[in-house]
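Visitor: I should like to go through this model with you, beginning with its charged side chains. Please show the sequence and the structure.

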Amino acid sequence: MKLKNYYTLLQVMPQASIDEIKKAYRKLAKIWHPDKNHSPSASKVFQGIHEAYKTLTHPKKRNAYNLKYWQVFGKPTTQNTPTNKHQDGFDPNFSADSVLRKNCDRMMRGNHQKSNRIYQEWLNQFWANWGQKTNPTPSS
């Protein structure tokens with residue numbers, strides 16, 4: 001028997017919290033519930049979504065499923081696991097500089113030379129303005 005990928009079925013990451021799973025389930029249930037969706041496959045899809053929800057929200061069932069899941073699909077990378085984050089959601093690897101660089105690269109669509117030049121110009125302008133705002137010159 002082929003293992004169903006419940007995470008893909010619910011459209012969540014394997015590291016998703018129970019709240020994220022519930023939110024995804026409710027969203028998909030509104031779409032696929034047989035009373036709302038009259039397509040012939042709606043009932044079957046809804047049953048699969050419900051089965052995934054029941055398995056992933058029950059801690060013991062989820063642990064058993066994850067053991068099978070990791071054997072078939074591979075274990076999730078440690079970069080995305082919640083252990084790299086504090087309980088309050090803070091990511092210690094996060095920096096404003098990395099976000100700015102990624103956004104600049106995205107805007108330049110991979111043109112790294114142009115992206116780096118624009119990023120450096122923006123950063124220089126930002127720090128110049130920041131200095132003026134934080135250390136205003138006294139007016140006479």
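Visitor: How many salt bridges does the structure hold?
Guide: This is a predicted model. Side chains of opposite charge can pair when their charged atoms come close. Here Glu-51 pairs with Lys-4, with 3.5 Å between the closest N and O atoms. The number of salt bridges in the structure is one.

Visitor: How many residues apart in sequence are the parts that this pair ties together?
Guide: Glu-51 belongs to helix H3 (residues 42-57), whereas Lys-4 sits in the segment before helix H1 (6-10). The pair therefore ties together parts whose separation in sequence is 47 residues.

Visitor: Is Glu-51 buried, partly exposed or exposed?
Guide: Buried residues have under 20% relative accessible area and exposed ones over 50%. The relative accessibility of Glu-51 is 34%, and for Lys-4 the relative accessible area is 45%, which also counts as partly exposed. Glu-51 is thus classed as partly exposed.

Visitor: Which helices each supply at least two residues of the largest nonpolar core?
Guide: This core has 17 residues, and those touching the most other members include Tyr-7, Ile-21, Leu-56 and Tyr-65. Tyr-7 has contacts beyond its neighbours within four places in sequence, among them Leu-56 and Tyr-65. The helices that each supply at least two core residues are H1, H2 (18-32), H3 and H4 (59-73).

Visitor: Which residues does Lys-22 touch, not counting residues up to four places away in sequence?
Guide: Lys-22 is part of helix H2 and is partly exposed at 29% relative accessibility. Its C-alpha is 9.3 Å from that of Leu-56, although 34 residues separate the two in sequence. The residues that Lys-22 touches are Tyr-53 and Thr-57.

Key. Residues numbered from 1 in each chain as written. Predicted model: local features only at pLDDT ≥ 70, side-chain atom pairs only at ≥ 80, totals over all residues. Heavy atoms only, no water. Salt bridge = Lys/Arg side-chain N within 4 Å of Asp/Glu carboxyl O. Helix = DSSP H or I, 4+ residues; strand = E, 2+ residues; numbered from the N terminus. Buried < 20%, exposed > 50% of the residue type's maximum accessible area, 1.4 Å probe, protein only. Core = buried A, V, L, I, M, F, W, Y, C linked by side-chain atoms within 4.5 Å. Contact = heavy atoms within 4.5 Å.
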